[in-house]
Amino acid sequence: MIDFRSDTFTKPTPPMLQAMMTAEVGDDVFGEDPSVNELEALSAEMFEMEAAIFCPTGTMTNQIGIKCHTRPGDEVICEHLSHVYIYEGGGIAFNSGAQVKAIDGDRGRITAKQVSAAINAEDVHKPRTSLVCLENTGNRGGGSIYELTEIQRIKEVCLSNNLKLHLDGARLFNALVANNETPKQYGEIFDSISICLSKGLGTPIGSVLLGTKDFIKQARRIRKVFGGGMRQAGFMAAAGIYALEHNIERLAEDHIHAKKIAEALLKKDFVGKMLPVETNIIIFEVLEEYYTAKALAEEFLNAGIKIMAISPTQIRMVLHLDINEELVNETITFIQQL
Ligand SMILES: Cc1ncc(COP(=O)(O)O)c(C=O)c1O
């Protein structure tokens with residue numbers, strides 16, 4: 001099986017497993033797991049942010065970030081296809097008692113102008129706008145990348161309106177590799193950043209939340225309340241350290257593979273509009289006179305290739321560590337004969 005459904009399907013490679021099995025561990029709730037402490041220090045250093053906290057999932061790092069930045073009754077500004085809004089089980093309302101002002105942006109991205117227009121005036125009738133959440137790369141935007149200059153403009157709007165700025169950077173490293181940018185450039189802008197180790201970087205578990213020392217101190221309290229205080233989590237943190245040290249640059253290969261497959265797809269009559277392929281995600285429309293998205297996914301499945309129907313007419317394919325050039329070529333040969 002070649003699995004294009006998500007970059008979360010990767011399995012640890014032998015050297016990553018070796019790093020996990022030989023990890024030094026302790027009780028992380030007591031702050032005594034050396035591998036977790038090393039991963040947190042390494043991440044904070046990469047982004048030149050003050051502190052970091054290791055969590056089991058990207059949903060948890062996002063939700064802790066939102067909880068720390070808001071009070072019940074507040075309003076959070078984000079794009080209407082944001083993971084924090086549509087894929088985290090209503091967590092903003094459930095965990096923080098806050099509500100969302102969802103902006104219709106461009107492939108998951110919003111502009112400083114849109115943020116500015118979405119801020120509520122100081123008025124007892126209105127919820128207090130307190131936080132802006134961005135997502136880079138944008139998952140439902142087809143792996144879309146923000147321009148750093150637009151993010152800087154959004155930051156200026158946040159500063160002049162006393163708003164915090166959080167980044168859902170589940171796939172931030174894909175954006176950094178594609179745009180030749182550095183973690184530090186993001187660390188100096190955002191109040192908090194969530195990065196996932198379990199997507200393109202290939203670990204089985206784990207995300208990291210970054211921010212100031214005070215923010216992370218508060219995040220540690222919330223992580224405990226959310227049930228995310230883990231004990232010998234160093235086995236997982238060791239996978240994260242391995243991933244940060246070995247699996248970032250190779251994301252560029254996934255981007256090349258995604259473009260190659262997209263080119264092959266675009267030659268087929270059954271493929272309609274495709275979102276620009278900027279990183280490792282391909283999202284395209286299937287023309288109904290040929291297939292429904294579900295029927296096309298079944299056709300692929302019969303050939304041992306898993307792809308995902310994300311709506312009745314849309315397919316998503318995601319490239320990752322476990323799909324090498326040979327498997328990409330095999331997939332292209334299959335597409336050509338469809
Ligand atoms: C953009 C984005 N943010 C956050 C998450 C949440 O990560 P997790 O599945 O680890 O909770 C995902 C997962 O797919 C994602 O795509």
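## Ligand site, pocket and cavity

Twenty residues line the largest pocket, and those nearest its centre are His83, Asn139, Arg171, Lys199 and Arg316. The model described here is a predicted one. The space in this largest pocket comes to about 290 Å³. Sorted by class, its lining is made up of 5 nonpolar, 8 polar and 7 charged residues. Helix H3 provides the largest share of that lining, 3 residues. H3 and strand E12 (308-311) each contribute at least two residues to the lining of the largest pocket.

The ligand sits in this largest pocket. Around the ligand are Thr57, Gly58, Thr59, Asn62, His83, Glu88, Glu135, Asn139, Asp168, Ala170, Arg171 and Lys199. By class, this shell holds 1 nonpolar, 6 polar and 5 charged residues. Helix H3, which spans residues 58-69, gives the most to the shell, with 3 residues. H3 therefore appears in two roles under the DSSP numbering of helices: it gives the most residues to the shell around the ligand, and it has the largest share of the pocket lining.

Three contacts of the ligand are set out in the table below.

| Ligand atom | Protein partner | Distance |
|---|---|---|
| Oxygen | Gly58, polar backbone atom | 2.9 Å |
| Nitrogen | Asp168, side-chain N or O atom | 2.6 Å |
| Oxygen | Arg171, side-chain N or O atom | 2.8 Å |

The ligand on its own exposes 390 Å², and 84% of that area is buried by the protein. Of the residues in the table, Arg171 is also among those nearest the centre of the largest pocket. His83, Asn139 and Lys199 are likewise in that central group, and each of these three belongs to the ligand shell as well. Arg316 is another residue nearest the pocket centre.

The model also contains 1 cavity of 30 Å³ or more. The volume of the largest cavity is about 40 Å³. Its lining consists of Ala170, Arg171, Phe173, Asn174, Cys196, Lys199, Gly200, Leu201 and Leu251. These divide into 5 nonpolar, 2 polar and 2 charged residues. Which residues of the ligand shell also line the largest cavity? They are Ala170, Arg171 and Lys199.

Some backbone features lie in loops. Asn136 and Thr137 are joined by a cis peptide bond, with omega at about 0°. Thr137 is placed in the loop between strand E5 (129-135) and helix H7 (148-160). Glu135, a residue of the ligand shell, falls at the end of the range given for E5.

Positive phi values occur in two residues other than glycine. Arg107 has phi near 45°, and its place is the loop between strand E4 (99-103) and helix H6 (112-118). Asn162 has phi near 60°, and this residue is found in the loop between H7 and strand E6 (164-169). Asp168, whose side chain has an N or O atom 2.6 Å from a ligand nitrogen, falls within the range given for E6.

Notes. Residues numbered from 1 in each chain as written. Predicted model: local features only at pLDDT ≥ 70, side-chain atom pairs only at ≥ 80, totals over all residues. Heavy atoms only, no water. Near = heavy atom within 4 Å. Polar contact = N/O pair within 3.5 Å; in protein donor to acceptor, adjacent residues only side chain to side chain. Areas by Shrake-Rupley, 256 points an atom, 1.4 Å probe, with all protein chains shown as cover. 1 Å grid on protein atoms, 1.4 Å probe; cavity = no way out; pocket = protein on both sides within 12 Å on 5 of 7 lines; lining within 4 Å. Sits in = over half its atoms within 2 Å of the grid points. Helix = DSSP H or I, 4+ residues; strand = E, 2+ residues; numbered from the N terminus. Nonpolar A, V, L, I, M, F, W, Y, C, P; charged D, E, K, R; others polar. Points joined across faces, edges and corners; volume = space filled by probe spheres on them.
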